[in-house]
Amino acid sequence: MSTLYIVATPIGNLQDMTYRAVETLKSADVIACEDTRISRKILDAYSITNKHLISCSAINENNSKSGIAKLLNEGKNVALITDAGTPCISDPGARVVDEIQKTEHKIVPIPGPSAAVCAMSIAGNTGKTWIFEGFLPKSDGKMRKRLAELMSMNITFVLYESPFRIIKLLKNIMETDPERRVMVARELTKMHEETMTCSAAEAFSNLSQRQSVKGEFCIIVYYNSNDRNDEE
Ligand code: SAM
């Protein structure tokens with residue numbers, strides 16, 4: 001029986017790597033990753049060298065005769081990482097985990113950073129329950145439809161968005177409910193980290209007036225506490 005380790009890596013700040021993650025990656029026979037060039041840089045930072053890396057195609061492989069399942073069947077321990085943060089959280093890995101769950105091999109999580117949890121940890125009162133939504137659909141119509149559904153539930157939810165669509169996302173949130181409180185968390189753990197908690201209208205106004213919008217964004221849309229009694 002072999003082990004598949006699902007290993008979280010930093011979301012920007014290399015000092016956020018855990019000791020256990022480094023030890024696991026050092027001892028794994030093979031490291032499966034998204035982009036081998038990005039992963040080599042991460043691994044170099046912790047002096048994890050001479051490792052057999054396999055790329056994304058293997059992470060997405062669901063044929064047990066090849067890819068990760070084959071390596072595990074050969075008695076090799078495999079560590080799976082993505083470009084940043086926790087694998088399977090808006091990142092590849094879930095198909096492999098599904099497949100390996102059906103075998104005798106063990107699956108072991110090595111926890112660490114994830115942008116959603118990092119943002120939630122400084123969000124304050126988000127109510128008793130929250131939803132991790134991740135990326136919304138790219139098309140305007142579908143994005144608006146899903147936003148309307150989420151906002152009508154009146155539960156805090158967490159979104160991921162790229163710098164290319166962040167203004168569109170904030171505009172759509174504002175047009176659904178301009179007063180809804182949001183937190184915009186940009187470049188968490190990095191040099192240009194910035195967080196802003198305000199109404200959706202203020203967040204849209206702030207970002208849309210900038211000359212350029214760069215970085216990675218995590219958005220928290222808070223539940224509306226005026227509309228609900230929380231028994232906390
Ligand atoms: N698996 C990752 C995790 O555990 O957070 C998420 C990977 S997903 C492909 C990448 C998205 O996560 C980015 O587009 C952004 O929305 C969010 N993200 C990643 N790093 C971030 C950071 N340092 N600050 C804010 N958001 C971040």
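**A tour of the ligand site**

Start by selecting β7 (156-161) and β10 (217-221), strands taken as DSSP E runs of at least two residues and numbered from the N terminus: each supplies at least two residues of the shell around the ligand. You are looking at a predicted model, where local features need pLDDT of at least 70, side-chain atom pairs count only at pLDDT 80 or more, and totals for linings use all residues. Residues are numbered from 1 along each chain, and side-chain values use heavy atoms, without hydrogens or water.

Next, show the whole shell: 19 residues surround the ligand, each with a heavy atom within 4 Å of it. Asp-91, Ser-114, Ala-115, Tyr-160 and Phe-217 are the closest.

Now colour domain 1 (3-113) and domain 2 (116-227), whose bounds come from an automatic or database assignment. Both give residues to the shell, so the ligand lies between them.

Then zoom in on the backbone N or O atoms for polar contacts (N or O pairs within 3.5 Å). One from Ile-89 lies 2.8 Å from a ligand nitrogen, and one from Leu-188 lies 2.9 Å from a ligand nitrogen. For Thr-86, the partner is a ligand oxygen, at 2.9 Å.

Notes. A polar contact is a pair of N or O atoms within 3.5 Å; within protein, one must be able to donate a hydrogen and the other to accept it, and residues adjacent in sequence count only if both atoms are side-chain atoms. Helices (H or I, at least four residues) and strands (E, at least two) are DSSP runs, numbered from the N terminus.
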